[in-house]
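Subject: Structure handover

Hi,

Here is the structure for your queue. Please load it first, then read the notes below.

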Amino acid sequence: MQVIRSAIFFLISAFAIGDADAMDFRIEQLNIDNTVVSVVAASGPIEEGDAERLLTAALSVGDRILLLSSPGGSVSAALALGAVISSQRYSVVVVGSCASACASILFPAGERSVLADGGRLGFHSCYDTRTRVIVDWCNEDIARFNATQGFPFGSVRAFMDAAGPDEIGWMTEITARCFGYYRDLDAPTKPDFPDKPCVDALIILAANNVRSDGPIGPSFDCANASNQIEFLFCADRELMFVDAIMGDLYAFFRGRLTGSARAAFTQSQIEWIHARNNDCERLFAASPTYQSTRDAALCLSDYNQHRMQSWIAPYFAGAFR
């Protein structure tokens, strides 16, 4: 399964199921850890009848893995297809781009929902194709479907509401994980909800009327960036966003402490940052590019998310108040 997540797989053979006017379903035999398994690969627009075509494809495979790439399409067709993905307990692996109804319906329907290297999710509001008017009840129905699949209702609403009919907001694994919109291959199965430290942090900050003083940015001044870790935080917008939330949360909890407790909390954060940077720095390539920095970016993001979770859990348990 880990091989799929990294998109390191080898196509042995394939054949198509379906027609040119709908999503294309192929049966692919993949070599995973020296074992050949049959999976379904689906690509193209989502149209009526796709649910039935996936059920037909499922008859030819024993491993419930769905490799997915789609620009989206019909919401009603996506809900029907999502119900099949869920009932057949497919693990969804996005290879490439998964946008619109693919991101908001098909992705969360998976028993596991992950992004292969380079995979991304794109969101926008539901809208009437004739008038371009946003249809709020449709957004609400999709958010409720997410909740039935063990994904945060508020996350998908926030992603969809942030982009209108003529826009699309893209996210990679960094943001998806932090907002609980990701179910890793080794994570608990649904209906257990994934950790969502960014959501919980924003809830805590809003409940305590904490507002950032300036524009979204990392938890330090980019003008003083002096190493590849700091330059990456300043260049990667998703990583920057996660770090900004952690910075605000750190400032909130630090502000509630006084004296030696505050000094110890500050020193602990300094030591933690050094440990994080030392561990993630080894993942940088000699000539950094966007793609070559993904392992380092995920490492830094995972550290930040676990750090936030270490403060959030005791807060909601009644401690740290």
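**Strand pairing around β5**

V93 stands opposite V114 in β6. The model is predicted: local features need pLDDT of at least 70, side-chain atom pairs count only at pLDDT 80 or more, and totals for chains, interfaces and linings use all residues. Residues are numbered from 1 along each chain as its sequence is written, and side-chain values use heavy atoms, with hydrogens and water left out.

Strand β5 covers residues 91–99. Strand β6 covers residues 113–115. The two pair in the parallel sense, over three bridges. Pairing here requires at least two DSSP bridges between the strands. Helices (H or I, at least four residues) and strands (E, at least two) are DSSP runs, numbered from the N terminus.

β5 has other partners. Strand β4 (residues 65–70) pairs with β5 in the parallel sense over five bridges. There, I65 has S91 as its bridge partner. Strand β7 (residues 120–123) also pairs with β5 in the parallel sense, over three bridges. In that pairing, A99 is matched with G122.

Two helices link these strands. Helix α3 (residues 75–87) forms a right-handed β-α-β unit with β4 and β5. Helix α4 (residues 101–106) does so with β5 and β6. Right-handed means that, with the strands pointing away from the viewer, the path from the first strand over the helix to the second runs clockwise.

**Core**

Which residues touch the most other members of the largest nonpolar core? They are L121 and M308, in a core of 90 residues. Helix α12 (residues 294–316) gives the most to this core, with nine residues. A nonpolar core is a set of buried Ala, Val, Leu, Ile, Met, Phe, Trp, Tyr and Cys residues joined through side-chain atoms within 4.5 Å. Buried means under 20% relative accessible area (1.4 Å probe, protein chains only).

L121 has contacts (heavy atoms within 4.5 Å) with V94, C98, A103, F107, L115, G169, W170, M171 and Y181. That list leaves out residues up to four places away in sequence.

**Helix α8**

Helix α8 spans residues 197–207. Its buried residues are P197, C198, V199, D200, A201, I204 and L205. Their cover includes α6 (153–161), α7 (173–178), α10 (237–255) and α12. N209 follows α8 and has a positive phi, near 55°.

**D243**

D243 is found in helix α10. Is D243 buried or exposed? D243 counts as buried because its relative accessibility is 1%. It touches P218, S219, F220, F233, R276 and N304, not counting residues up to four places away in sequence. D243 and G217 are 26 residues apart along the chain, and their C-alpha atoms are separated by 7.6 Å.

**Whole protein**

The protein has twelve helices and eight strands. Its radius of gyration is 21 Å, close to the 20 Å that the globule rule gives for 321 residues, so it is as compact as a globular protein of that length. The radius is taken over C-alpha atoms; the rule is 2.2 Å times the number of residues to the power 0.38. Along the principal axes, the C-alpha atoms fill a box of roughly 70 × 45 × 35 Å.

Buried residues make up 49% of the 321. Of the contacts with a separation of 6 or more, 66% come from residues 24 or more positions apart. The exposed area is about 14,800 Å², with 54% supplied by carbon and sulfur atoms. Areas come from the Shrake-Rupley method with a 1.4 Å probe; for residues, only the protein chains shown count as cover.

Best regards

How values were computed: Buried means under 20% relative accessible area, exposed over 50%, partly exposed in between (1.4 Å probe, protein chains only).
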